[in-house]
Amino acid sequence: MGDDIQLRKKRGGTPSITEADIERYKDVFKMFDKNKNGRISLAELGDVLASIGQLKTSDVELQTVMDELDSTRSGGLQLRDFSKLMTCTDGPSRTEEYREVFRVLDKDGDGFISAEDLRAVLVPLGERLSLEDVVEMIKLADKEGNGMVDEEEFIEIMNKECD
């Protein structure tokens, strides 16, 4: 993985990050900060990287990423550090990233994200959501009214969230 995570840098040599970027990743940060201490630990960082496609990450690789991003040298990533990771990770285009996330959320591989699929991913991450809550989330993106979200609907709602 070592070479897979590269931070994009502005001309000045520092990773670019805005307050809007930080706001965008607040909820995601909270989801991975399982012990709610305001920092993402080394173990929690492994979960973050797995969620963005870096599935096999050794402790040494995790420590390298932590050392690169931990601006306070506290042994954990604060929200600003986490946002830097999320906004500055080189890799596929935003749409391709969303397609990959869609495939992860489509637990049964049928080309749709159902409420059950989404809940199966969110509950192990510590989200306390009833099936009814998840059904409401699905309705927000479900333009066809079939109770499920297809890939294009998912990409469209994700692009709205990030714009």
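A residue is counted as buried when its relative accessible area is under 20%, and by this criterion 34% of the 163 residues of the protein, examined here as a predicted model, are buried. The protein exposes about 9,700 Å², of which carbon and sulfur atoms supply 51%. Eight helices and two strands are present, and along the sequence these elements follow the pattern α-α-α-α-α-β-α-α-β-α. Among the contacts in the protein with a separation of 6 or more, 56% are accounted for by residues that lie 24 or more positions apart.

The largest nonpolar core comprises 17 residues, and those with the most contacts inside it are Ile40, Leu45, Val48, Leu49, Leu77, Phe82 and Leu85. Two or more residues of this core are given by each of the helices α1 (19–32), α2 (42–51), α3 (59–69) and α4 (79–88). A second core, separate from the one just described, contains 16 residues, including Met31, Ile113, Val121 and Ile155.

The packing of α2 against α3 was examined next. The axes of α2 and α3 are 10 Å apart and meet at an angle of about 100°; because angles of 65 to 115 degrees count as roughly perpendicular, the two helices α2 and α3 are therefore assigned to that arrangement. On the side of α2 the contact is made by Leu42, Leu45, Gly46 and Leu49, whereas α3 contributes Leu62, Gln63, Val65 and Met66. Of these residues, Leu45 and Leu49 of α2 are also listed among those with the most contacts inside the largest nonpolar core.

Two charged residues, located in α4 and α1, were considered individually. Asp81 is placed in helix α4 and has a relative accessible area of 0%, so that, with the cut-off for burial set at under 20%, Asp81 is classed as buried. The side chain of Asp81 is joined to that of Ser71 by a polar contact of 2.7 Å. When residues up to four places away in sequence are not counted, Asp81 touches Leu69, Asp70, Ser71 and Gly76, and Ser71 is thus both a contact neighbour and the polar partner of Asp81.

Arg24, by comparison, is found in helix α1. The relative accessible area of Arg24 is 27%, and because this value falls between the limits of 20% and 50%, Arg24 is described as partly exposed. Although Arg24 and Met86 are 62 residues apart along the chain, their C-alpha atoms are separated by 9.8 Å.

Methods
Residues are numbered from 1 along each chain as its sequence is written. This is a predicted model: local features need pLDDT of at least 70, side-chain atom pairs count only at pLDDT 80 or more; totals for chains, interfaces and linings use all residues. Side-chain values use heavy atoms; hydrogens and water are left out. Helices (H or I, at least four residues) and strands (E, at least two) are DSSP runs, numbered from the N terminus. Buried means under 20% relative accessible area, exposed over 50%, partly exposed in between (1.4 Å probe, protein chains only). Contact means heavy atoms within 4.5 Å. Accessible areas come from the Shrake-Rupley method with a 1.4 Å probe; for residues, only the protein chains shown count as cover. A nonpolar core is a set of buried Ala, Val, Leu, Ile, Met, Phe, Trp, Tyr and Cys residues joined through side-chain atoms within 4.5 Å. A polar contact is a pair of N or O atoms within 3.5 Å; within protein, one must be able to donate a hydrogen and the other to accept it, and residues adjacent in sequence count only if both atoms are side-chain atoms. Axes are lines fitted to C-alpha atoms, for helices over the stretch in contact, and angles run from 0 to 180 degrees between N-to-C directions. Angles under 35 degrees count as roughly parallel, over 145 as roughly antiparallel, 65 to 115 as roughly perpendicular and the rest as oblique.
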